[in-house]
Amino acid sequence: GRGLRRVLLGISIAGNLALLAVFKYRSDAVLALGISFYTFQSLSYSIDVFRRRQTPCKDPVAFALFVAFFPQLIAGPIERAGRLMPQLAALDVPSRMDFSMGVRLILWGLWKKLCLSDRLRPGLMAQLYEPAGMDPLAMAMMAVGLNLVLYLDFSGYTDIARGSARLFGVKLSKNFARPYLATSVGDFTRRWHVTLIDWITDYVWAPLLKGRPKALRLAGVNVLVIMIFALWHDLRWGYAIASVFVGLAITREQLARVKRLKSGKGRAKPGKVRVFAAWLSTILIWGAFTTTLFMPALGGIRALVTEFFRFHPVGMDTLRTLSLALPLVAFGFAVHALGKFRDLEADWDQLPAFLRPLILVAAALLIARFQAAGTQDFVYFRF
């Protein structure tokens with residue numbers, strides 16, 4: 001009966017969220033490994049069974065494997081039962097293609113983490129905690145740089161997780177959809193941590209916005225969704241404040257889109273200047289949001305904002321750093337966008353068979369040679 005099913009679903013949701021709250025927000029509790037990710041997977045399973053979208057699993061071992069499949073346990077991607085359970089039930093000897101793709105994904109993730117993110121992170125963190133005298137341009141560059149560090153760190157972990165799973169013949173979901181090609185705050189949100197945003201959209205955003213909501217309700221739900229996204233990382237005032245601004249920015253974009261559609265201008269192609277301005281503002285807004293993840297304390301955020309609005313004149317050091325960074329950023333952006341215009345998997349298959357293992361060995365040697373000194377944790381392990 002639907003009434004009893006609702007009660008059982010409520011018990012499941014309350015139990016999962018209570019465990020998550022105890023482990024994440026009690027200072028004296030030992031943090032359970034991967035608690036956020038397997039909580040979200042367990043919740044999605046319960047809700048999908050309630051909605052009759054998922055056949056109940058009657059094998060405790062199979063269910064435990066779905067919840068605690070090790071490659072994505074610590075930092076995702078968040079998998080749905082309908083996608084992962086059938087793969088785990090049909091595990092077999094992985095194919096040569098699985099092994100090739102798995103190794104490539106692992107190496108690509110290691111390069112992003114060890115050779116890029118870990119090299120950029122110390123200097124940017126030093127600026128974050130000592131912002132005195134920074135001019136607005138330097139602060140904007142720092143915010144965008146921190147967002148890039150977070151992207152390289154998190155997407156690097158995701159690549160390693162997907163590669164590790166592929167060695168078992170399991171295909172995990174992509175968790176990033178080239179976010180730096182986004183030209184709106186909402187589009188960037190949909191491209192970043194795709195599995196979490198899809199989860200929140202399906203189980204929170206869509207149920208709360210049934211029908212045709214008015215602007216105020218739309219804004220409230222958008223702020224709530226981004227706040228859930230932030231609170232999932234940690235319970236800090238900085239995240240909450242940043243969530244309000246990002247949620248309102250997304251609402252403004254949605255309302256403007258509706259207005260354009262009603263006026264018949266919705267399908268008009270925007271000019272290049274407008275596209276660039278939208279892209280730049282998106283990157284800056286999400287850079288500011290990321291800064292609250294690295295500096296969630298209100299005192300630190302207040303110091304950054306105060307220093308920003310003192311409007312120190314742009315110094316030669318800032319301009320020199322910008323001139324050195326721009327060519328590297330342009331090259332990185334080209335690599336980031338490459339998959340949109342080419343089928344990279346087909347290009348790899350076109351290479352001579354003898355050359356492919358040599359490229360993989362050379363890549364491993366380059367990573368070993370150029371990795372940052374010392375070991376830094378994955379940023380998302382904190383969450």
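Which side chains meet in a salt bridge with Lys113 at 2.9 Å, N to O? The partner is Asp118, whose side chain meets that of Lys113 at this distance; a salt bridge here is a side-chain nitrogen of Lys or Arg within 4 Å of a carboxyl oxygen of Asp or Glu. Before going further, a word on the model: it is predicted, so local features need pLDDT of at least 70 and side-chain atom pairs count only at pLDDT 80 or more, while totals for chains, interfaces and linings use all residues. Residues are numbered from 1 along each chain as its sequence is written, and side-chain values use heavy atoms, with hydrogens and water left out.

Lys113 also forms a salt bridge with Asp153, and here the closest N and O atoms are 3.0 Å apart. This second pair links distant parts of the chain, as Lys113 sits in helix H5 (residues 96-129) and Asp153 in helix H6, 40 residues apart. Helices are DSSP runs (H or I, at least four residues), numbered from the N terminus. Lys113 and Asp118 are both buried, and both Lys113 and Asp153 are buried as well. Buried means under 20% relative accessible area, exposed means over 50%, and partly exposed lies in between, with a 1.4 Å probe and protein chains only. Together, Lys113, Asp118 and Asp153 are linked in a network of salt bridges. The structure holds 13 salt bridges. Another of them joins Arg190 to Asp187, with the closest N and O atoms 3.9 Å apart. These two residues are three apart in helix H7 (residues 185-191), which means that about one helical turn separates them. Arg190 is partly exposed, at a relative accessible area of 46%, whereas Asp187 counts as buried at 16%.

Attention now turns to the nonpolar interior. A nonpolar core is a set of buried Ala, Val, Leu, Ile, Met, Phe, Trp, Tyr and Cys residues joined through side-chain atoms within 4.5 Å. The largest such core has 60 residues, and those touching the most other members are Leu128, Met142, Trp192, Trp199, Phe229, Phe289 and Phe294. Helix H6 (residues 136-166) gives the most to this core, contributing 12 residues. Apart from it lies another core of 11 residues, with Phe69, Leu88, Ala165 and Val170 among them. Phe229 gives a good view of the surroundings: beyond residues up to four places away in sequence, Phe229 touches Trp192, His193, Leu196, Ile197, Ile200, Trp286 and Phe289. Contact in this sense means heavy atoms within 4.5 Å.

Two of the residues touched by Phe229, Trp286 and Phe289, are among the buried residues of H11, along with others including Ile283, Gly287 and Leu293. Helix H11 spans residues 272-294 and contains Thr282. At 1.5 Å a residue, its 23 residues should span 33 Å, and the end C-alpha atoms of H11 are indeed 33 Å apart; the expected span is 1.5 Å times one less than the number of residues. Thr282 is buried, with a relative accessible area of 1%. Setting aside residues up to four places away in sequence, Thr282 touches Ala182, Thr183, Ser184, Val185 and Phe188. The C-alpha atoms of Thr282 and Phe188 are separated by 7.4 Å, although the two residues are 94 apart along the chain. The side chain of Thr282 also reaches the backbone nitrogen of Val185 at 3.5 Å.

Helix H13 (residues 316-341) has 26 residues that should span 38 Å, in agreement with end C-alpha atoms 38 Å apart. A kink of about 30 degrees lies at Ala325 in H13, shortly before the proline Pro327; the bend at a residue is the angle between axes fitted to the seven residues ending there and the seven starting there. The buried residues of H13 are Thr318, His336 and Ala337, and they pack against H6. His336 has a relative accessible area of 12%. Leaving aside neighbours within four places in sequence, His336 is in contact with Tyr151, Arg178, Pro179, Tyr180 and Leu181.

Finally, Asn16 lies in helix H1 (residues 2-25) and is buried, with a relative accessible area of 16%. Beyond neighbours within four places in sequence, Asn16 is in contact with Thr39, Ser42 and Leu43.

Methods:
Polar contact = N/O pair within 3.5 Å; in protein donor to acceptor, adjacent residues only side chain to side chain.
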